[in-house]
Amino acid sequence: MTDTADDDASDDATRTLTYGGYLGLDALLGAQNPLSSPEHPDELLFIIQHQVTELWLKLALHELTGVLAALRADNLTRSRHGLARVCEIERQMLAQWTLFDTLTPQGYAGFRASLGTASGFQSYQFRQFECLLGRRDPEIPAIFAHAPEQRRQLERMQQAPALFDEFLRHLARQGHAVPTRRLRRDWAQPPPVDPEVVGLLRRIYRNELQYAQVHAVCELLVDIDEQLQVWRFRHMKTVERIIGRRRGTGGSDGVEYLRRGVDVPCFPELWRLRDAAADPAAPGPGSV
């Protein structure tokens, strides 16, 4: 077949493409299958809410993968763009919790038994999202014993540099004094809060104009961290509002499990530097 014939075939396919076909709406809108019998009217809300969150997580993972590649290529402009988008995705995910405010305990009880052992605790994409942002927990992959490839993928991800690791490696390549122990460590372990890294970040913040791009990336990382912590808080309060302190469907201890994760920052050194920044006696901008 000639190139012209190929082009003609492509044009024909484009001309016959519909909105629903391009978006795969038959599959998308056919993926909501309530299991309560008779069907409870609130179960559709529950399903769609979680499916939309998974779609946002898919986009967030796509963007974070691009950010990691950009950091490895020392492209802070591309990194900033991707991080800003991730932050906006988090805001969309956060806004969705208001829908669950319309779900009463009685409404949820009407279909809860249909969930069996299924739980958001088992969200593979959310576990990937946490891992890219730096969470390291050897028990997490075991949640996916029923899905061996997902378990192996999470184990591989835990053994690779996370977002802040790649950011520090970028800074080191640009001549910043990043401690060697942070550049050559066991990526499967959560790093301790390092005073030298806090000091490095403090110098960047005190010389904001000189390091404008780096400073902007730091603030986007804080935005992402803050949005995730607020999202966790809203998740906890929504669960408490609907089921109180009962155990979750996946076997977790419900609200108490969620509460333990609320105030756990992904980038603690970016928060720690603010302790000194708020000190009126600390050196001002331009100091090194």
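A charge sits over a ring if NZ of Lys or CZ of Arg is within 6 Å of the ring centre and within 35 degrees of the ring normal. Keep that handy for the exercises below.

This is a predicted model, where local features need pLDDT of at least 70, side-chain atom pairs count only at pLDDT 80 or more, and totals for chains, interfaces and linings use all residues. Residues are numbered from 1 along each chain as its sequence is written, and side-chain values use heavy atoms, with hydrogens and water left out.

**Exercise 1. Find which ring arginine 127 lies over, and do the same for arginine 274.**

Step 1: Arginine 127 is placed over the face of phenylalanine 121, 4.9 Å from the ring centre.
Step 2: Arginine 274 is placed over the face of tryptophan 271, 5.9 Å from the ring centre.

**Exercise 2. Classify the ring pair of phenylalanine 46 and phenylalanine 100.**

Step 1: Start with the rule: rings of Phe, Tyr and Trp (its six-membered ring) pair if their centres lie within 6.5 Å, and planes under 30 degrees apart count as stacked, over 60 as edge-to-face and the rest as tilted. The whole structure has twelve aromatic pairs.
Step 2: For phenylalanine 46 and phenylalanine 100 the centres are 5.8 Å apart and the planes are at 50 degrees, so this pair is tilted.
Step 3: Now place the two in the chain. Phenylalanine 46 belongs to helix H4 (residues 43-72) and phenylalanine 100 to helix H6 (residues 97-100), so the pair links distant parts of the chain, 54 residues apart. (Helices, H or I with at least four residues, and strands, E with at least two, are DSSP runs numbered from the N terminus.)
Step 4: Check burial, where buried means under 20% relative accessible area, exposed over 50% and partly exposed in between (1.4 Å probe, protein chains only). Phenylalanine 46 is buried at 16%, and phenylalanine 100 is buried at 4%.
Step 5: Zoom out: ring pairs join Phe46 and Phe100 with Trp97, Tyr108, Phe111, Phe126, Phe129 and Trp231 in a cluster.

**Exercise 3. Work out how many residues of H8 are buried, and what covers them.**

Step 1: Nine of the nine residues of H8 are buried, so the helix is largely enclosed by the rest of the structure.
Step 2: The cover includes H4, helix H5 (76-95), H9, helix H10 (163-173), helix H13 (212-243) and helix H14 (255-260).
Step 3: Take glutamine 128 as a case; it is found in H8 (residues 124-132) and is buried because its relative accessibility is 13%.
Step 4: With contact meaning heavy atoms within 4.5 Å, glutamine 128 touches Leu61, Gln153, Leu154 and Met157, leaving aside residues up to four places away in sequence.
Step 5: After H8 comes glycine 134, with a positive phi near 120 degrees.

**Exercise 4. Pick out the backbone oddities at proline 38 and aspartate 74.**

Step 1: Serine 37 and proline 38 are joined by a cis peptide bond, with omega about 0 degrees. Proline 38 is in the loop between helix H3 (25-29) and H4.
Step 2: Aspartate 74 is not a glycine, yet its phi is positive, about 60 degrees. Look for this residue in the loop between H4 and H5.
Step 3: Is aspartate 74 buried or partly exposed? Its relative accessibility is 32%, so aspartate 74 counts as partly exposed.
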